[in-house]
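Q: Please take a close look at a single part of this model, one strand and the spaces and partners around that strand, and then follow the charged pairs elsewhere in the chain. I would like one connected account that I can read beside the structure.

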Amino acid sequence: MTANTEPRIEDFVDIALLQRLQDSFAEAMGVAAVTVDREGKPVTTVSNFCRVCLMIRETDKGLARCQRCDAEGGRIALKRQAPFAYKCAGGLLDAAAPIIIDGQYLGCILCGQVIPVDAEEEFRQDIIARNVVLGLDPVELEKEVRAIPPLPRDRFQAAVEMLSLTANHIIEKGAANVAQARLL
């Protein structure tokens with residue numbers, strides 16, 4: 001990080017360590033996860049993404065829409081100073097946990113791609129309607145949407161809180177290491 005650039009997540013944390021945490025978390029909790037910068041661009045590789053979201057992101061329009069949505073979710077989480085759950089542009093339940101170091105917003109950790117148990121069919125229909133316009137094969141899209149296992153909202157909220165606490169602890173530790181190195 002130079003004096004003329006804004007701090008980045010990579011300036012404070014070992015991305016390989018963050019990736020391992022994210023991968024393990026996503027697998028254990030049965031959700032997808034990715035860490036993104038202020039603009040919604042990934043700084044980690046996606047973890048446990050469902051086939052529907054991969055299909056959406058394979059289209060230029062879908063990828064741009066997802067990145068705008070990821071960035072907006074992060075900004076709202078920042079404004080609230082807490083994780084924020086929302087329906088993403090693709091129609092799935094997602095959440096953003098802001099990454100803030102020394103009062104500066106660096107990006108967020110996103111998790112989700114969830115269909116809540118209490119609104120399962122409503123979500124499935126909405127996902128199909130929102131994404132068939134991207135030119136995706138409607139038969140394959142519906143098949144993949146139906147393959148997404150529903151998750152109770154309380155389990156999803158617990159996953160979001162756990163990811164937020166763990167990731168921010170790692171990033172704060174990284175920030176402390178950077179500060180200590182500067183003093184030395």
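**A strand between a cavity and a pocket**

A: In this predicted model, a convenient place to start is the hairpin of β3 and β4, which has 2 residues between its strands and in which D102 takes a positive phi near 50°. The strand that leads into this hairpin, β3, covers residues 93–101, and β3 and β4 pair in the antiparallel sense over 9 bridges. To find the register of that pairing in the structure, look for I99, which stands opposite G107 in β4.

β4 has further partners. β1 also pairs with β4 in the antiparallel sense, here over 6 bridges, and V34 can serve as the marker for this contact, since its bridge partner in β4 is L110. With β5, a strand of residues 150–151, the pairing of β4 is parallel and runs over 2 bridges; in this case I115 is the residue that stands opposite P150 of β5. The burial of β4 can be read beside these pairings: 12 of its 13 residues are buried, so the strand is largely enclosed by the rest of the structure.

The enclosed space comes next. Rolling a probe the size of a water molecule over the atoms shows where empty space is left. The structure holds 1 cavity of 30 Å³ or more, and about 170 Å³ of space lies in the largest cavity. Its lining is made of 19 residues, and those closest to its centre are F49, R57, D70, D94 and Q113. The elements that give two or more residues to this lining are β1 (32–37), α2 (51–57), α3 (60–80) and β4 (104–116). It is β4 that supplies the largest share, with 4 residues. By character, the residues of the cavity lining divide into 13 nonpolar, 3 polar and 3 charged.

β4 also takes part in the lining of an open space. About 200 Å³ lies in the largest pocket, which is lined by 14 residues, with G30, C50, Q113, I148 and P149 nearest its centre. Two or more residues of this lining come from each of β4 and β5, and the largest share, 4 residues, is again that of β4. The pocket lining divides into 10 nonpolar and 4 polar residues, with no charged ones, whereas the cavity lining includes 3 charged residues. One residue to examine in both places is Q113, which is listed among the residues closest to the centre of the largest cavity and also among those nearest the centre of the largest pocket.

From these linings we can turn to the charged pairs. Side chains of opposite charge can pair when their charged atoms come close. The structure holds 13 salt bridges, and some of them link residues of one helix. In α3, an element that also contributes to the cavity lining, E72 forms a salt bridge with R75, with the closest N and O atoms 3.2 Å apart. These two residues of α3 are 3 positions apart, about one turn of the helix. E72 is partly exposed, with a relative accessible area of 37%, and R75 is likewise partly exposed, at 41%.

A second pair is found in α4, the helix of residues 120–132, where R130 and D126 lie 4 residues apart, about one turn of the helix. The closest N and O atoms of their salt bridge are 2.8 Å apart, and R130 is partly exposed, with a relative accessible area of 29%.

A third pair, E142 and R146, lies in α5, which spans residues 138–146, and here too the partners are 4 residues apart, about one turn of the helix. Their salt bridge has its closest N and O atoms 3.3 Å apart. E142 counts as partly exposed at 35% relative accessibility, and R146 is also partly exposed, with a relative accessible area of 35%. Apart from these pairs, R51, E58 and E140 are joined into one network by salt bridges that share partners.

To return to the strand with which the account began, β4 pairs with β3, with β1 and with β5, and it gives the largest share of the lining both to the largest cavity and to the largest pocket.

Terms used:
Residues are numbered from 1 along each chain as its sequence is written. This is a predicted model: local features need pLDDT of at least 70, side-chain atom pairs count only at pLDDT 80 or more; totals for chains, interfaces and linings use all residues. Side-chain values use heavy atoms; hydrogens and water are left out. On a 1 Å grid over the protein atoms alone, a cavity is a set of points where a 1.4 Å probe fits but cannot get out, and a pocket is an open set with protein on both sides within 12 Å along at least five of seven lines; lining residues have an atom within 4 Å of a point. Grid points are joined across faces, edges and corners, and a volume is the space filled by probe spheres set on the points. Ala, Val, Leu, Ile, Met, Phe, Trp, Tyr, Cys and Pro count as nonpolar, Asp, Glu, Lys and Arg as charged, and the others, Gly among them, as polar. Buried means under 20% relative accessible area, exposed over 50%, partly exposed in between (1.4 Å probe, protein chains only). Two strands pair if DSSP finds at least two bridges between them. A salt bridge is a side-chain nitrogen of Lys or Arg within 4 Å of a carboxyl oxygen of Asp or Glu.
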